[in-house]
Amino acid sequence: MNRGISILMYHQVGRFRPMKSHRSTYCHHRRFKAQMTLLKLLGYRVLDFDSMLATLRGEREVPPRAVVLTFDDGYENFREYAHPVLHRLRLPSMVYLLAGYLGDSARWFASDGRDTPPLMDAATVSTLARQGVSFGSHGINHLKLADQPSEVIEREVHESRELLERATGLQIRDFCFPYGSHDRRCLQAVRSAGYRSAVTCVRGSAYPGEDLFQLPRKAISFGDSLAGFLWKIHVKNRRKHPPL
Ligand SMILES: [Zn+2]
């Protein structure tokens, strides 16, 4: 039995035709509903971020079958498709927002010819926060941070927090590296900006004693069946890359 926490990574949840690329960033809404229902029926413990961090700090036992749900980029389809399911099943979630794109669309998709889906605005975020959704920062401009000069990293990490707090009235304490791109400078920046955690795209489970600023996650892909979904939770536990 895995005594770690599977932090699941989702991006868009909605109605999609099967696609060839970027499959790990789409989840059909019916499949999403089935996945969440399964977690509930099989007695998985879906932790909120406070409980997860307390557990990883060693303040609490890791419950069996521990899962955390994260959603990158803050798509409007989170509100439309994912949130109603989560709300009905009373499952906590964390959504990472881009400070430079609130109420805008995912314009960075245009470079690879995809449609640019709308992103939630500040009013929607505030409403969902009152219904128990947690929010963190995904930077300002959705940049690969490890490729940037240090002053850009600093601005993306520090200012995104201030901008999001001002726009939403929420306290922003958790960060998510766009594309999972991070290096030592990025880790230093999230620490000095006063965040309490940061997630990556390194695949694996999170264990007590883990560096809270380079948490591993497991991407749930468009093609994952329910069996594949459970298999990812139970089997893909060893970090694919060691921490920096
Ligand atoms: Zn992203």
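The predicted model contains 7 helices and 10 strands. Its radius of gyration is 17 Å, close to the 18 Å expected from the globule rule for 244 residues, so the protein is as compact as a globular protein of that length. Along the principal axes, the C-alpha trace spans about 45 × 40 × 35 Å. Of the 244 residues, 41% count as buried. Contacts across the sequence can be looked at in a similar way: taking those between residues at least 6 apart, 64% join residues at least 24 apart.

Two helix pairs are worth a visit in the viewer. In one pair, helix 1 (residues 29–41) and helix 3 (residues 76–89) have axes that come within 10 Å and cross at roughly 20 degrees. Because angles under 35 degrees count as roughly parallel, helix 1 is described as roughly parallel to helix 3. The crossing of these two helices is right-handed. On the helix 1 side, the contact is made by H29, F32, K33, M36, T37 and K40, and these residues face Y81, A82, V85, L86 and L89 of helix 3. Sorted by class, this contact of helix 1 with helix 3 has 7 nonpolar, 2 polar and 2 charged residues.

The other pair joins helix 5 (residues 150–168) and helix 6 (residues 184–192), whose axes come within 9 Å and cross at roughly 35 degrees. Here too the crossing is right-handed. Helix 5 contributes S150, I153, E154 and V157, which meet R185, C186, A189 and V190 in helix 6. By class, 5 nonpolar, 1 polar and 2 charged residues make up the contact of helix 5 with helix 6.

A closer look at a single loop residue rounds off the picture. P92 sits in the loop between helix 3 and strand 6 (94–97). With 17 other C-beta atoms within 10 Å, P92 is partly exposed; the reasoning is that a residue needs 20 or more such atoms to be buried and 12 or fewer to be exposed. Once neighbours within four places in sequence are set aside, P92 is in contact with V46, D48, G132 and S134. As for F71, which lies 21 residues from P92 along the chain, the C-alpha atoms of the two residues are separated by 11 Å.

Technical notes: Residues numbered from 1 in each chain as written. Predicted model: local features only at pLDDT ≥ 70, side-chain atom pairs only at ≥ 80, totals over all residues. Axes fitted to C-alpha atoms, helices over the stretch in contact; angles between N-to-C directions. Helix = DSSP H or I, 4+ residues; strand = E, 2+ residues; numbered from the N terminus. Parallel < 35°, antiparallel > 145°, perpendicular 65-115°, else oblique. Left-handed = near helix turned anticlockwise from the far one by under 90°. Contact = placed C-beta atoms within 7 Å. Nonpolar A, V, L, I, M, F, W, Y, C, P; charged D, E, K, R; others polar. Rg over C-alpha atoms; globule rule 2.2 N^0.38 Å.
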